[in-house]
Amino acid sequence: MKVIGLLSRKGGSGKTTLTVHLGVLAQAVGLRTLLIDLDPQHSAADWWRAREAETPQLVQTAPAELRDVLDVALTDGVDVVVIDTRPSAAQDAALVAALSDLILVPTRPSILDLRAILDTIDIAQGAARRSLIVLNACPPPRGAGEASLTGDARRAVAAFGVPVAPVPIVNRTMFASALLTGLTAGEADPGGKADREMRALWRVVEKELNHGKGYIAERAGDEKTARARAAGAGH
Ligand SMILES: Nc1ncnc2c1ncn2[C@@H]1O[C@H](COP(=O)(O)OP(=O)(O)O)[C@@H](O)[C@H]1O
Ligand SMILES: [Mg+2]
């Protein structure tokens, strides 16, 4: 069983959005998936109640019960757990970090938001867990490249010592509107831009979870191959 923890002390950064979208994609590839809602505002649970499908499963609980819930999930044969957390609760964050295989830290790309994730990154690094910053609600890409704000954000967080997911999630109405009816963007508009972006992020997350190597080593390998190709092409 693999555990993904969504952490960011800032509200509105995309913890719940990513929890439900990644959870649905995990379930869709045949992984038995459990969402755990630790936020007393229970937005993930509200989404789940509006949902017709019974999967992924969702449990609403308190941090003190988290270990027990995970023990039960393991016994029940759950493959992937995605934990949604509340903002501004360092104690919860440390607990979730310690129990996660992969910590996702969503942030909006503005500089004030970026600074606010430093605390969260300290917690993730303190727990020595594999972590990934996810740039969320970014401006749409311009032509082939990403928007300048997204590129600036990527460069700014490069100094934080935690890798950034190569796939930014764009600010798209579909990510918000689909949730109102208990769906995800990919379910409401299969093959749409939001769906394609979230699937690309899921592939990065899946790689992180399944192969000990993770995407950093893969990327290093890719870069090496690209350099070798470039060198070869010069002859
Ligand atoms: N990529 C996105 N595109 C459009 N709206 C988004 C996106 N990510 C989040 N939102 C919206 O922003 C608000 C906060 O997102 P949410 O996932 O609830 O953040 P958190 O759980 O971190 O507080 C919600 O209304 C959500 O629908
Ligand atoms: Mg939330």
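1. A helix, as the word is used here, is a DSSP run of H or I at least four residues long, and helices are numbered from the N terminus. With that in hand, look at the ligand site. Helix α1 gives the most to the shell around ligand 1, with 3 residues. Keep in mind that this is a predicted model.

2. Stay with ligand 1 for a moment. The shell has 16 residues, and K15, T16, T17, F175 and A176 come nearest. Two elements give two or more residues each to this shell: α1 (15-28) and α8 (173-180). What is the make-up of the shell by class? It has 10 polar residues, 4 nonpolar and 2 charged.

3. Now the whole chain. The protein chain holds 11 helices and 6 strands. Its C-alpha trace spans about 60 × 40 × 35 Å along the principal axes. Why can the chain be called consistent with a compact globule? For 235 residues, such a globule would have a radius of gyration near 18 Å; the chain has 18 Å, so the two agree.

4. Next, find the sheet. It is open, has 6 strands and shows parallel pairing. Trace the order across it: β3-β2-β4-β1-β5-β6. Which strands form the edges? They are β3 (57-60) and β6 (130-135), and each of them pairs on one side only. On average, neighbouring strands are turned by 20 degrees against each other, direction ignored.

5. Zoom in on one end of that order. Strand β5 (residues 102-107) runs parallel to β6, and 6 bridges join the two. One residue to look for is L104, which stands opposite L132 in β6.

6. Then turn to a pair of helices. The axes of α4 (residues 90-99) and α6 (residues 118-126) come within 9 Å. They cross at roughly 40 degrees. Is the crossing left-handed or right-handed? It is right-handed.

7. Which residues make the contact between these helices? From α4 come A90, A93, A94 and A97. From α6 come T120, I123 and A124. By class, the contact has 6 nonpolar residues, 1 polar and no charged.

8. Two backbone details deserve a check. The peptide bond from T55 to P56 is cis, with omega near -10 degrees. Where does P56 sit? It is found in the loop between α2 (43-50) and β3. That loop therefore leads to a strand already met in point 4, as β3 is one of the edge strands.

9. The second detail is A128. Its phi is near 55 degrees, a positive value in a residue other than glycine. A128 lies in the loop between α6 and β6. Both neighbours have come up before: α6 crosses α4, and β6 is an edge strand of the sheet.

Terms used: Residues numbered from 1 in each chain as written. Chains lettered and ligands numbered in written order. Predicted model: local features only at pLDDT ≥ 70, side-chain atom pairs only at ≥ 80, totals over all residues. Near = placed C-beta within 6 Å. Nonpolar A, V, L, I, M, F, W, Y, C, P; charged D, E, K, R; others polar. Pairing = 2+ DSSP bridges. Axes fitted to C-alpha atoms, helices over the stretch in contact; angles between N-to-C directions. Left-handed = near helix turned anticlockwise from the far one by under 90°. Contact = placed C-beta atoms within 7 Å. Rg over C-alpha atoms; globule rule 2.2 N^0.38 Å.
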